[in-house]
Amino acid sequence: MEMLPEKLEELIHELAVLPYDDMHAASASVQPWELTNYVVWGIVALVVIVTLFVIVANREKKQIVLAGGDVGSLAPANRLVGMLESGVEFIRNMAIDVIGQKDGPKYVPLLGTFFFLILTSNMLGLIPGGKAIGGAMGGATALALISWLAFVWVGFTKNGFMGYMKSLIPSGVREMPLAARIGLGGFIFLLEFLSTFIIRPLTLSVRLFANLYAGHIILGVFSTFVVIFTQKIGVGGLAVGSVSLLFLVIMYAFELFVAFIQAYVFTILTAVYIQSSVHASEH
């Protein structure tokens, strides 16, 4: 067990934001434009997902040409095509259910980009040595800021500046006597303003980062236990190492589930925030 503190220190260092070409740097990278390990793995995730969709789109175009434009007579889709089509259909149904039949389809490209990019990045982060872009606070914050800019922009363009600001006060309160409008309305406006412009992007980023970082720490700790105890000679060390290995496998399976859930939660919360901006005038 004397190796444990050293191994944990190595684990924390491994999860730090480091220059991509110097993984043994003594401290985390603080240069604003420096290419880091998390940015490189984020680019890898982007390339993977774009490549998959380009391959599938080109295949479908060829199939449609071969079928003479008759979409109904297309050959059954292979597993990759079926998986991506199901994913897009899943996002489209989510957008329609949350935002509405009329406006929902307009936001499928944005929501689909969030879902597939975060999911792919999370999966790559489970590869030993890999990194999920949401596993760094900077990466999670960047994703949350894009989501925030999107739903605030929708709110202002759909309702105008004054209309969007006015929607932060419920219509029932706006119809109250002047004193109640100033007192209660002002209090609710302050809460809604803080929620919309500060708390929503903050919780989006912290939720994504905390869940991914905690998961990677747990996997790292069990991996450390396996390494330490399997090196010990004796039945006790072998038993503890075997139990640690079993928990490591279970936690890997659980983290696969978390990878999907975190992509889903980030995407559906963005859809909910867009819905509140689209229908702000109805509040």
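Let me start with the place where helix α5 and helix α8 meet, in what is, I should say at once, a predicted model. On the α5 side the contact is made by L143, A144, S147, F151, V154, G155, K158, N159 and Y164, and on the α8 side by F266, T270, Y273, I274, S277 and V278. Sorted by class, the residues of this contact of α5 with α8 come to 9 nonpolar, 5 polar and 1 charged.

How are these two helices arranged? Two packed helices are described by the angle between their axes and the distance between the axes. For α5, which covers residues 137-166, and α8, which covers residues 235-278, the angle is about 10° and the axes lie 8 Å apart. Since angles under 35 degrees count as roughly parallel, α5 and α8 are therefore roughly parallel to each other.

Please compare that with a second pair, helix α2, residues 37-66, and helix α3, residues 79-99, where the angle is about 105° and the axes are 10 Å apart. That makes α2 and α3 roughly perpendicular to each other. Here L52, F53, V56, R59 and E60 from α2 come up against L80, V81, L84, E85 and V88 from α3, and this contact of α2 with α3 divides into 7 nonpolar residues, no polar ones and 3 charged ones.

While we are in α2, let me point to V50, which has its place in that helix and is partly exposed, with a relative accessible area of 44%. Its C-alpha atom is separated by 29 Å from that of S277, and the two residues are 227 residues apart along the chain; S277, you may recall, is one of the α8 residues in the contact with α5.

Now to two individual residues, beginning with L117 in helix α4, residues 108-125. Is L117 buried or exposed? With a relative accessibility of 18%, L117 counts as buried, and, leaving aside its neighbours within four places in sequence, L117 is in contact with G42, A45, L46 and L143. Between the C-alpha atoms of L117 and I55, which are 62 residues apart along the chain, the separation is 17 Å.

The other residue is S205, in helix α7, residues 178-230, and S205 is buried as well, with a relative accessible area of 3%. Not counting residues up to four places away in sequence, S205 touches M137, A140, T141 and A144.

Finally, I would like to turn to the aromatic rings, of which the structure holds 18 pairs. In the pair of F115 and F116 the ring centres are 5.4 Å apart and the planes stand at 80°, so this pair is edge-to-face; both F115 and F116 are buried. The pair of F156 and F161, on the other hand, is stacked, with 5.6 Å from centre to centre and 10° between the planes. In that stacked pair, F156 is partly exposed, with a relative accessible area of 26%, while F161, at 53% relative accessibility, counts as exposed.

Which residues join F115 and F116 in one aromatic cluster? They are F53, F90, F260 and Y264, and F53 is also one of the α2 residues that meet α3.

One last ring brings us back to where I began, for F151, which belongs to the α5 side of the contact with α8, has the charged end of R200 sitting over its ring, 5.9 Å from the ring centre.

How values were computed:
Residues are numbered from 1 along each chain as its sequence is written. This is a predicted model: local features need pLDDT of at least 70, side-chain atom pairs count only at pLDDT 80 or more; totals for chains, interfaces and linings use all residues. Side-chain values use heavy atoms; hydrogens and water are left out. Axes are lines fitted to C-alpha atoms, for helices over the stretch in contact, and angles run from 0 to 180 degrees between N-to-C directions. Helices (H or I, at least four residues) and strands (E, at least two) are DSSP runs, numbered from the N terminus. Angles under 35 degrees count as roughly parallel, over 145 as roughly antiparallel, 65 to 115 as roughly perpendicular and the rest as oblique. Contact means heavy atoms within 4.5 Å. Ala, Val, Leu, Ile, Met, Phe, Trp, Tyr, Cys and Pro count as nonpolar, Asp, Glu, Lys and Arg as charged, and the others, Gly among them, as polar. Buried means under 20% relative accessible area, exposed over 50%, partly exposed in between (1.4 Å probe, protein chains only). Rings of Phe, Tyr and Trp (its six-membered ring) pair if their centres lie within 6.5 Å; planes under 30 degrees apart count as stacked, over 60 as edge-to-face and the rest as tilted. A charge sits over a ring if NZ of Lys or CZ of Arg is within 6 Å of the ring centre and within 35 degrees of the ring normal.
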